[in-house]
Structures are given as structure tokens and as C-alpha cells.
Amino acid sequence: MKQYMQGKWFERWFFIVATVACLVLSNSISYPGGKRDGQGRFWCDNAGYYVYLPALFLYDFDAKQLPDGIDKRTCGFVIDHKKNKLYDKYTYGEALLLAPFFLVTHLVAQSFDPKPDGFSLFYEKMMTIPAVFYLILGLFFLRRFLVNYLEERTTYLVILFVVAGTNLYHYALHDCLMSHVYSFFLFSLCLYFLKKFLDKDKKPYKLYLLFCLAVALSVLTRPTNLVIISLLAFLDTGSFREAGRRIVFFLHPKYSLPLVAMIFILYLPQMFYWHYVSGSYIHYSYENEVFSNLGRPMMIPIWFSPLNGLFLYNPMVLLFIAGVVLMIVRKIRNGIFIGLLFLFMSYVFASWEAWYFGGAFGSRPFIEFYTILGLPFGYFLQFILSRRNLFIRNVTWLTLFVFCWYNLMFIYHYTCYTGSIWSWDEFVLKLDACHLYKDPRNTYTYINDFENPLQNSQSILTHEAYHSKTLGLKMDTLEKFDGVFSRKLSMLLKHQVTRVHESVWIKPLNPEKTKASFICSITDFSGKCIFYKSLPMDDYIRNPGEWTKIESEFYVPSWADTTGMINFYVWNTSKSKFFIDDMKIKFN
């Protein structure tokens with residue numbers, strides 16, 4: 001097998017089969033009609049990355065010509081009809097990579113699509129092709145990079161398990177217009193050219209320019225890549241002295257100027273676009289979205305939270321980290337470097353305002369870095385394959401396949417997680433829905449820490465005041481009802497709910513009474529209220545301006561209709577101003 005895998009014919013046929021398989025999978029297991037949760041592929045971030053193409057090639061950036069209401073239907077960009085401008089916060093790097101495929105698609109659409117407007121279902125379907133193309137290219141260059149360190153057979157195992165066992169699969173074959181699979185390809189390209197460049201004694205300048213191009217495209221696709229991809233320059237350094245020499249080497253004008261020039265040239269069109277929308281060539285398009293958690297990074301949540309935690313959704317990555325530990329213990333070159341890089345990546349992502357990165361499957365910004373993490377993973381696999389102990393080898397193989405099965409089952413049945421940071425009952429319900437765990441549901445605890453906008457889409461979330469984490473819910477003169485929880489009694493537990501414990505934290509702004517109440521009601525199938533309980537919040541508040549916990553426990557009447565709805569909400573009868581946070585309702 002080792003001998004066969006070393007031949008180029010094996011590599012060629014491996015990637016041909018992989019390409020066909022991915023094309024089939026991307027079309028057969030994608031959401032029906034290219035849709036998920038009622039939305040198409042041109043939705044939210046996907047639409048923001050993509051819209052540059054139809055805007056440029058079909059509508060000449062004339063916002064009036066774009067399909068009516070397309071910004072409302074996609075929610076990925078904004079059209080200002082008064083100024084006749086299209087506002088897009090994303091850079092155009094992904095659109096540049098998609099451009100050849102889009103032009104061919106549009107050419108075909110003019111003959112076969114009755115509505116070749118750039119946003120029809122035909123365009124959605126065809127956009128799976130570039131995602132597969134760049135996925136396969138990314139895996140190809142990743143293997144070519146890894147083969148400098150690992151055995152041939154190990155490199156194939158690494159790329160197989162990286163796809164089947166992580167959320168790369170989801171973002172390459174499902175949410176394929178997100179930027180991650182394209183960044184994955186560019187990172188693989190960076191590593192490949194960088195390694196070839198560093199290993200040559202004469203340092204061919206052509207290889208370095210190709211590396212610069214890959215870096216520039218990566219930064220253009222996701223600007224934050226600049227912070228981390230620059231650290232790849234420390235690849236293969238074994239000491240601080242070597243690292244220092246590497247810095248001096250790349251800071252030499254012969255190497256630093258071409259990189260800066262390449263990034264500047266590729267950013268010129270982006271700068272013209274920024275001038276078009278803002279009047280300035282330098283423009284921060286993300287507006288209020290910043291790294292607001294630099295002093296309190298959400299490191300543990302970004303790794304382990306039910307809200308898109310990296311290891312919870314991608315347990316395969318635990319084996320990547322096991323490989324890092326193995327490299328450090330065995331003093332294998334790059335072990336400490338990759339370990340520090342992983343910690344630094346985690347800190348950067350955990351410092352972003354929306355550290356959970358919206359409606360994601362797992363912590364999606366790590367996908368690009370599976371390229372460099374593939375190296376310790378390969379050493380881990382090589383270590384296991386070299387063991388003579390069959391028990392250890394078989395347990396490891398079983399673990400690998402279980403992690404792949406877990407990942408694929410999750411992807412097949414996945415819907416966005418709408419719970420709180422540490423809402424474990426909500427995550428268990430998700431596992432149950434994905435057929436990964438049979439939940440007995442004898443108790444259920446609903447938690448709302450008001451951190452996840454998907455859980456509080458109609459609420460006013462604010463950093464102004466919060467009891468825990470980073471956000472709280474603001475009640476003001478416009479809000480009469482909020483903090484709403486509503487669900488059928490029969491959906492909560494396997495058996496009838498008998499007892500409920502409810503709590504919420506409140507912070508009034510002034511000494512006046514809030515006149516607000518924490519309400520529980522049960523309505524029957526016709527909507528008629530059959531049970532009502534009110535907790536006047538002012539009865540609990542002692543010191544305005546401080547957080548106060550309001551809690552109570554009550555029994556649900558045995559005669560309550562289980563097909564009815566049980567509802568909890570804060571009723572701001574006088575529309576006064578105050579904050580609430582950390583709502584918790586436990587059903588027994």
C-alpha cells in the first residue's frame with residue numbers, strides 16, 4: 001500500500017474520485033432547492049460575499065437596476081435607493097475567486113434560465129461548483145505541504161478526516177458561499193509555497209512572489225487573516241534566535257515591499273468601492289462590530305460552549321490538539337509554534353464582539369487553520385499507526401470513525417443553535433433531533449443569558465448593563481413585552497410538567513417603581529388563558545441601580561391541557577426603563 005500511494009497516478013485518481021464525490025454530495029445532500037431554514041444560499045453573509053459579481057457584471061453597480069427587494073430577501077447587504085448605492089461590509093476577495101465560474105454560469109443561464117438575474121435558483125446551484133473546486137485544490141496543496149513531514153499514506157488520511165470529521169465539510173458542500181473554504185484553499189497555497197521557498201538554498205524569487213499572491217488574496221478574502229497568516233513566517237523555526245533571523249529576513253525590502261505592493265494592488269478595487277459608498281478610500285465597513293472582548297476573551301466558550309463551541313461541534317479537533325501535545329513532548333519541530341499559534345488564534349476569535357460568529361456550525365473561523373493543524377494531526381496518526389498494540393490502534397480507529405459519524409449526522413440534521421452560552425439542555429435537544437442521543441427529558445431547563453441574537457431576534461440587546469457575560473436586555477418606552485418564552489407543554493418533557501421554577505435578574509435605572517411583572521400563563525388549544533401567575537418585580541427590588549434576582553416556584557394544575565402553550569415574559573405595563581438578564585426556567 002505504501003508503494004502504491006507513492007505513485008503520482010494514485011494521487012491523480014484519488015483527487016479525481018474526491019472531486020466527483022464532492023460534486024455529487026454537494027448537490028444531493030444540500031438543502032432542498034438550495035435552501036436551509038426557509039432561506040436560499042444567497043442569504044446573509046453568503047449574499048454579502050457574492051453580490052459583487054451580479055452588481056458589477058450585470059448591473060454596473062446601479063442599485064436601481066438590481067431586483068426589487070433583493071437586499072431584504074437576502075439580508076447580506078443594503079441598498080440605499082435615495083443615494084442609489086449598494087452597501088456591502090465584506091471585501092471582494094471571494095468574489096474574485098468566484099468570478100470565472102460566475103461568468104460561465106451567466107453565459108449558460110442566458111440560454112437555459114428564464115430569469116438570468118444573477119440570483120435565481122440556477123445561479124445558487126451552480127455556485128456549488130467553485131466551492132468543490134477550491135476545496136479539492138486546497139486539499140491537494142495541503143497534501144503536497146504535509147508530505148514534506150509525513151508519510152504518503154498519512155497525508156491521505158489527514159485530508160480525508162479533516163473533511164469528513166470537521167465543519168469544513170459543512171462550509172464546502174452546504175454553506176458553500178461563506179468564505180471559509182476559499183480561505184482554506186489560500187492557506188494551503190501559502191503553506192505550500194512558503195515551505196518550497198524556505199527549503200531551497202537559493203530561495204527562488206518566483207516562489208516567493210507566488211506566496212505573496214496567496215497571502216494577498218487571503219487577506220482580501222478575510223482581512224483578519226493578515227494578523228495570523230503573517231505568523232506562518234515562523235514555520236520550521238526551532239528557537240527564538242531562528243525566529244529573530246526569520247523576522248529580519250522577511251523585513252528586508254527585497255521581501256517586504258513585494259508583499260505590501262501585492263496587497264495594495266489587490267486592494268485598489270476595494271478602495272475604489274469604499275470611496276463609492278463612503279467618500280473615503282479607507283473605510284471600516286463593519287461599523288460598530290469590533291474586538292470588544294480583548295480584555296475578557298471568551299476562550300472557554302469558544303472551545304466548549306453549546307453556542308458553536310469548537311470542540312463540542314468538532315470533536316475531531318481534539319485529536320489535532322493531541323498531535324500538538326505529542327509534538328511538544330517529543331520535541332518535534334513546529335510543535336510549540338503550532339501550539340502557540342492555536343492559542344493566539346483562539347484569543348483573537350474569542351475577542352471579537354460576536355465571538356460565536358452568528359448562525360454558525362461550530363466555531364467557523366478555525367476552518368482555515370485546519371491546514372496548519374493538519375500537521376500535528378498527521379504526527380498523531382503516524383504515532384498510532386506505528387503502535388504494535390492492536391487495542392490502542394483499534395480504539396483510535398473507532399474514535400476517528402465515531403467522530404466522523406457524529407460530524408456528518410450533525411450536518412445532515414443541523415439547524416442553527418438558538419440557545420444560550422451554557423444551555424446544555426438545549427444542546428441535548430439538538431443531539432436528540434440529530435439522532436445522536438436519546439434524551440429522556442425528565443427535566444428541562446430553559447436559559448436565556450441574552451447573549452445569542454438568534455434567541456432574541458426582536459429584543460434590544462445592549463452592552464450598557466448586564467448581569468453576566470457581555471450583553472443584557474434593555475426594556476424601554478417602546479417595549480411592553482419582552483424576554484418571551486413560549487412552548488407547548490407536551491414538547492417540554494416526556495411526562496406531564498408538574499412543577500416550574502422561574503427566575504430572572506432585573507436592574508432598575510431609577511428609584512421610581514418599574515410596575516413591571518414576570519408573567520407565566522398557560523393557554524389552551526383555542527388560545528384561551530387557563531392559568532395565570534404574576535410576579536410584581538417591584539416587590540423584590542431593594543436598591544435601584546443594582547441587580548436583583550426575582551424567583552418563584554409553582555405547581556402546574558394537573559388539569560392543564562398539555563396541547564396548550566406555556567408562556568413566560570416580562571410585562572412592562574408602564575413602559576419604564578430597566579434591564580433584565582439571565583432568565584432561567586426549570587420544568588419538572
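**Entry 1: Tyr 370 and its ring partner**

I looked up Tyr 370 in this predicted model and found a relative accessible area of 0%, so I record Tyr 370 as buried. Phe 320 also counts as buried, at 0% relative accessibility. I then examined the two rings: their centres are 5.8 Å apart and their planes stand at 80 degrees, which is over the 60 degrees required, so I note the pair as edge-to-face. Phe 320 belongs to helix α18 (residues 316–329) and Tyr 370 to helix α20, so this contact ties together parts 50 residues apart in sequence.

**Entry 2: Other aromatic pairs**

I noted 82 aromatic pairs in the structure. One of these that I looked up joins Tyr 286 and Trp 352: with ring centres 6.2 Å apart and planes at 85 degrees, the pair is edge-to-face. Tyr 286 sits in the loop between α15 (253–278) and α16 (299–304), and Trp 352 in the loop between α19 (335–351) and α20 (370–385), so the pair ties together parts that are 66 residues apart in sequence. For burial, I recorded Tyr 286 as partly exposed, with a relative accessible area of 22%, and Trp 352 as buried, at 11%. I also traced a cluster linked by ring pairs, whose members are Phe 187, Trp 303, Phe 304, Phe 311, Phe 342, Phe 349, Phe 357, Phe 366 and Phe 369.

**Entry 3: Helix α6**

I checked the length of α6 (residues 93–112): 20 residues at 1.5 Å a residue should span 28 Å, and the end C-alpha atoms are 29 Å apart, which agrees. I located a bend of about 50 degrees at Ala 99, with a proline, Pro 100, following within four residues. Ala 99 is itself among the buried residues of α6, which also include Leu 97, Leu 98, Phe 101, Phe 102 and His 106. What do the buried residues of α6 pack against? I found α3 (45–50), α4 (52–57), α7 (121–126), α8 (128–146), α11 (180–199) and α12 (205–221).

**Entry 4: A four-stranded sheet**

I read the strand order of an open sheet of 4 strands as β8-β13-β10-β11, with antiparallel pairing. The edges are β8 (481–488) and β11 (529–536); each has a single partner strand, so one side of each is left without a neighbour in the sheet. The twist averages 15 degrees from one strand to the next. Turning to β10 (residues 516–523) and β13 (residues 565–572), I found 8 bridges joining these antiparallel strands. I noted Asn 572 in β13 as the bridge partner of Ala 516.

Terms used: Residues numbered from 1 in each chain as written. Predicted model: local features only at pLDDT ≥ 70, side-chain atom pairs only at ≥ 80, totals over all residues. Heavy atoms only, no water. Pairing = 2+ DSSP bridges. Helix = DSSP H or I, 4+ residues; strand = E, 2+ residues; numbered from the N terminus. Axes fitted to C-alpha atoms, helices over the stretch in contact; angles between N-to-C directions. Expected span 1.5 Å × (residues − 1). Bend = angle between axes of the 7 residues up to and from the residue. Buried < 20%, exposed > 50% of the residue type's maximum accessible area, 1.4 Å probe, protein only. Contact = heavy atoms within 4.5 Å. Phe/Tyr/Trp six-rings, centres within 6.5 Å; stacked < 30°, edge-to-face > 60°.
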